[in-house]
Amino acid sequence: MVKSTAAPCVAILLLFLTETLAQRPMNKRLAAPPKPAKAQCCDEVRSLKVQVANLTSLLEELGKKQEADLRTVVKQMMELDQQSRLQEARVMEAESKYSEIHNRVEIMQLQAAQSATHTTTDAIYDCASLFNKNYKISGEYRLPKDDFLGTPELSVFCDMENNGGGWTVIQRRKVGLTSFNRDWKQYKHGFGNIRGDFWLGNEHIFRLTRQPTVLRIELEDWEGEVRYAEYGFFTVSNELNSYKLFIANYSGNAGDSLRYHNNTNFSTKNKDNDKCVDDCAQLRQGGYWYNCCTDSNLNGVFYRYGSHAKNMDGITWYAWHGPNYSLKRVEMKIRPQNFAA
């Protein structure tokens, strides 16, 4: 019987293969796909976060710069507006000064031409007299001293343009910086700025109303509405009679709030001439023809925007806004009854 040699050969081959495989590395035996490194992923996230933070910071800086630029532009616009207003005010002031100088030159020329006044027709008595001599520009005029009429030199404001012109302004309230709570002497001679708030003076008003006179009172509230009260007869007595008021013949659209004060004496904080137990001048904080006490108080306290609900001492005209509304502007002006524009 012949022995087979195949079995031993197969056994030897299997043993050789087993040893060979055992000696090879595992990574060569199994070809698995590589896994991403965890550290590399975290670095990318951090990089993205840094980029986002940088963009946010950049946007904030841009926003702040735009805001700063906007503030600068607004500031420049406000400065330009202020400069424009300043230039406008300067132009108006220059025009006003020119008008004033022009008026004074004309007055001086008129004084030189009429150095010897002989009749009341030639006299420069008031703004109506100037108007009749062709002075048609509103502004401040200096009325010359006149020995024939016994009148002193006097600065007045003439309204030569409204309601026919020729008006001599005796009182004005529009700025609010001048107190009208004055004593008897100050109301007698006058006070304030002739181009702003002022009282012409009871002695001058008495002199100007020795001829038949018309009084016109113009009123303006804080809403911009304007009304007026006109009296066809207006006169004031002398100081001996406490500058007593007499008025008549009302017309207008403001209501007749001065009638209650007719035939009353003038009162101030140091001279109580009213018809009341109370001291009206003290209560109403001004000098006026107080009765007991007021239907109007044109020389009262200047309250802005009309509000003075706690007191009744504002610039009031009861027939229009009642006792607790202080008016924005008041102007009292007079001219002769026989004035013809």
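The exercises below work through a predicted model, each with a stepwise solution.

**Exercise 1. Strand E2**

Task: Determine whether strand E2 (residues 154-159) is enclosed or open, and find which strands pair with E2.

Solution:
1. Take the burial count. Six of the six residues of E2 are buried, so the strand is largely enclosed by the rest of the structure.
2. Split the strand by face. In a regular strand, side chains alternate between the two faces of the sheet.
3. One side of E2 holds Leu154, Val156 and Cys158, and the other holds Ser155, Phe157 and Asp159; all are buried, and both faces are covered.
4. Look for partners. Strand E1 (residues 139-143) runs antiparallel to E2, joined by five bridges. Within this pairing, Gly139 has Cys158 as its bridge partner.
5. Strand E3 (residues 167-173) also pairs with E2 in the antiparallel sense, over three bridges. Here Val169 of E3 stands opposite Phe157.

**Exercise 2. Core and surface**

Task: Describe the largest nonpolar core, then locate the nonpolar surface patch that includes Leu58.

Solution:
1. The largest nonpolar core has 59 residues. Trp199, Leu215, Ile217, Leu219, Phe234, Leu258 and Trp317 have the most contacts inside it.
2. Pick Ile217 and skip neighbours within four places in sequence. Its contacts include Tyr228, Tyr231, Leu258, Trp317 and Val330. Arg227 and Glu331 are also among the contacts of Ile217.
3. Now turn to the surface. Leu55, Leu58, Leu59 and Leu62 form a nonpolar patch with about 410 Å² of accessible area together.
4. Place Leu58. This residue is found in helix H3 (residues 38-113).
5. Classify Leu58. Its relative accessibility is 44%, and the partly exposed class runs from 20% to 50%, so Leu58 counts as partly exposed.

**Exercise 3. Backbone exceptions**

Task: Find where the positive phi values of Asn163 and Tyr243 occur, and classify each residue as buried or exposed. Then locate the cis peptide bond at Cys293.

Solution:
1. Set the baseline. Most residues other than glycine have a negative phi, and most peptide bonds are trans.
2. Phi of Asn163 is near 50°. Asn163 sits in the loop between E2 and E3. At 37% relative accessible area, Asn163 is partly exposed.
3. Phi of Tyr243 is near 50° too. Tyr243 belongs to the loop between strand E7 (226-236) and strand E8 (245-252). With a relative accessible area of 0%, Tyr243 is buried.
4. Check omega. From Cys292 to Cys293 the peptide bond is cis, with omega near -5°.
5. Cys293 lies in the loop between helix H7 (280-284) and strand E9 (296-297).

Methods. Residues numbered from 1 in each chain as written. Predicted model: local features only at pLDDT ≥ 70, side-chain atom pairs only at ≥ 80, totals over all residues. Heavy atoms only, no water. Core = buried A, V, L, I, M, F, W, Y, C linked by side-chain atoms within 4.5 Å. Buried < 20%, exposed > 50% of the residue type's maximum accessible area, 1.4 Å probe, protein only. Contact = heavy atoms within 4.5 Å. Patch = residues over 30% accessible without salt bridge, like charges linked within 9 Å, V, L, I, M, F, W, Y side chains within 5 Å. Areas by Shrake-Rupley, 256 points an atom, 1.4 Å probe, with all protein chains shown as cover. Salt bridge = Lys/Arg side-chain N within 4 Å of Asp/Glu carboxyl O. Helix = DSSP H or I, 4+ residues; strand = E, 2+ residues; numbered from the N terminus. Pairing = 2+ DSSP bridges.
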